[in-house]
Amino acid sequence: MEQVLHNINKLNRSLEGVIAVGNEFGAVEALWSQFENVMAKQPEQGEDGEAEGDKGAEEEEEEQADAGEGSKSRGSK
């Protein structure tokens with residue numbers, strides 16, 4: 001009976017040690033969670049920014065093309 005009690009106490013100490021080591025990583029886990037959340041938000045903002053940027057570039061090209069046609073038509077008159 002004493003052997004069983006001794007083994008249970010030994011197991012309990014081992015489990016407490018494992019839990020203590022796991023708890024030491026709590027701050028690291030929180031930091032990685034924050035990093036993951038920031039990185040998850042950035043691609044969404046980047047996609048919106050790219051879409052707006054692409055649209056702006058297309059509009060600029062159209063304006064330049066329109067301006068070029070306007071100057072050609074003015075020059076031919």
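Helices here are DSSP runs of at least four residues, numbered from the N terminus. The legends below use those numbers for a predicted model.

**View 1. The whole chain is built from helices without strands.** The protein has 77 residues. Its secondary structure comes to two helices and zero strands. One of them, H2, covers residues 26–76. Buried residues make up 1% of the protein. The exposed area is about 7,200 Å². Carbon and sulfur atoms supply 55% of that area.

**View 2. Confidence in the prediction, and a stretch with low pLDDT.** Mean pLDDT for the protein is 74. A value of 70 or more is reached by 55% of the residues. Over residues 51–55, pLDDT stays under 50. For these residues the model has zero contacts beyond four places in sequence. Where pLDDT is low, the predicted coordinates should not be read in detail.

**View 3. Trp-32 and Phe-35 form an aromatic pair.** The protein's count comes to one aromatic pair. The ring centres of Trp-32 and Phe-35 lie 5.5 Å apart, and the ring planes stand at 90°. Planes over 60 degrees apart count as edge-to-face, so the pair of Trp-32 and Phe-35 is edge-to-face. Both residues sit in helix H2. Trp-32 and Phe-35 are three residues apart there, so about one helical turn separates them.

**View 4. Trp-32 and Phe-35 at the surface.** Is Trp-32 buried or exposed? Its relative accessible area is 55%. The cut-off for exposed is over 50%, so Trp-32 is exposed. Phe-35 has a relative accessible area of 46%. That value falls between the limits of 20% and 50%, so Phe-35 is partly exposed.

**View 5. A nonpolar patch on the surface includes the aromatic pair.** Which residues form the nonpolar patch? They are Val-21, Phe-25, Val-28, Trp-32, Phe-35, Val-38 and Met-39. Together these residues have about 700 Å² of accessible area. Helix H2 gives the largest share of the patch, with five residues. Trp-32, placed in helix H2, belongs both to this patch and to the edge-to-face pair with Phe-35.

Definitions and conventions. Residues numbered from 1 in each chain as written. Predicted model: local features only at pLDDT ≥ 70, side-chain atom pairs only at ≥ 80, totals over all residues. Heavy atoms only, no water. pLDDT = per-residue confidence, 0-100. Contact = heavy atoms within 4.5 Å. Phe/Tyr/Trp six-rings, centres within 6.5 Å; stacked < 30°, edge-to-face > 60°. Buried < 20%, exposed > 50% of the residue type's maximum accessible area, 1.4 Å probe, protein only. Areas by Shrake-Rupley, 256 points an atom, 1.4 Å probe, with all protein chains shown as cover. Patch = residues over 30% accessible without salt bridge, like charges linked within 9 Å, V, L, I, M, F, W, Y side chains within 5 Å. Salt bridge = Lys/Arg side-chain N within 4 Å of Asp/Glu carboxyl O.
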